[in-house]
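Biologist: Please choose one part of this model and look at it closely. Then set it in its surroundings.

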Amino acid sequence: MLGEDFQTIGANNRSSSDMAYGGTNVNPLAATGGSTTVRQVKLDKECELRIEASADSPLRLRLLTGTTEIFGTEIPPGIWLNFPPRLKFAVFTW
């Protein structure tokens, strides 16, 4: 499960990508006054972040800067992507 636990592979110091992520209580337009949890991670170029959404709630992911892909498909910057519970995938930076 992605939280404070994540794994990067192949780190180097050439460039980086910034991403923000959170669970169901992440709502950029939160008007309900509920708890908002957003975490941010920075990955070097040619690194992999392995992600497993929790069993009971979806995960939201947004690329802030840099260039990344999921299964060969580039992630557009600035857009929140929604992933269903229990999904396992990896984000690769380049």
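Modeller: Buried means under 20% relative accessible area, exposed over 50%, and partly exposed in between (1.4 Å probe, protein chains only). The model is predicted: local features need pLDDT of at least 70, side-chain atom pairs count only at pLDDT 80 or more, and totals for chains, interfaces and linings use all residues. Residues are numbered from 1 along each chain as its sequence is written, and side-chain values use heavy atoms, leaving out hydrogens and water.

I choose strand S3, residues 48–52. Strands are DSSP E runs of at least two residues, helices are H or I runs of at least four, and both are numbered from the N terminus. The side chains of S3 alternate. Leu49 and Ile51 point to one face, and both are buried. Glu48, Arg50 and Glu52 point to the other face, and these three are not buried.

Now the neighbours of S3. Two strands pair if DSSP finds at least two bridges between them. S3 pairs with S8 in the antiparallel sense, over 5 bridges. Within this part of the model, Glu52 stands opposite Lys88 of S8. S8 also pairs with S5, again antiparallel, over 3 bridges. Here Thr68 of S5 faces Thr93 of S8 as its opposite residue. Together, 4 strands make an open antiparallel sheet, in the order S3-S8-S5-S6. S3 and S6 (73–74) stand at the edges with a single partner strand each, so one side of each has no neighbour in the sheet.

Next, the buried face of S3. Leu49 belongs to the largest nonpolar core, which has 16 residues. Such a core is a set of buried Ala, Val, Leu, Ile, Met, Phe, Trp, Tyr and Cys residues joined through side-chain atoms within 4.5 Å. Leu49 is among the members that touch the most other members, together with Met19, Leu59, Leu61, Ile70, Phe89 and Val91. S3 is one of the strands that supply at least two residues each, as are S1 (16–22), S2 (39–44), S4 (59–65) and S8 (88–93). The largest share, 3 residues, comes from S4.

Phe89 deserves a second look. The structure holds 1 aromatic pair. The ring centres of Phe83 and Phe89 are 4.3 Å apart and the planes are at 25°, so this pair is stacked. Rings of Phe, Tyr and Trp (its six-membered ring) pair if their centres lie within 6.5 Å; planes under 30 degrees apart are stacked, over 60 edge-to-face, and the rest tilted. Phe83 and Phe89 are both buried.

S1 is another supplier of the core. This strand is mostly covered, with 6 of its 7 residues buried. S1 pairs with S2 in the antiparallel sense over 6 bridges, and Tyr21 stands opposite Arg39 in S2. S1 also pairs with S4, antiparallel over 5 bridges, where Gly22 has Arg60 as its bridge partner.

Beyond S4 comes a loop. Gly66 sits in the loop between S4 and S5 (68–70). Gly66 is partly exposed, at a relative accessible area of 40%. Not counting residues up to four places away in sequence, Gly66 touches Ser16 and Ser17; contact means heavy atoms within 4.5 Å.

Last, the whole chain. There are 0 helices and 8 strands. Of its 94 residues, 33% count as buried. Among contacts between residues at least 6 apart in sequence, 67% join residues at least 24 apart.
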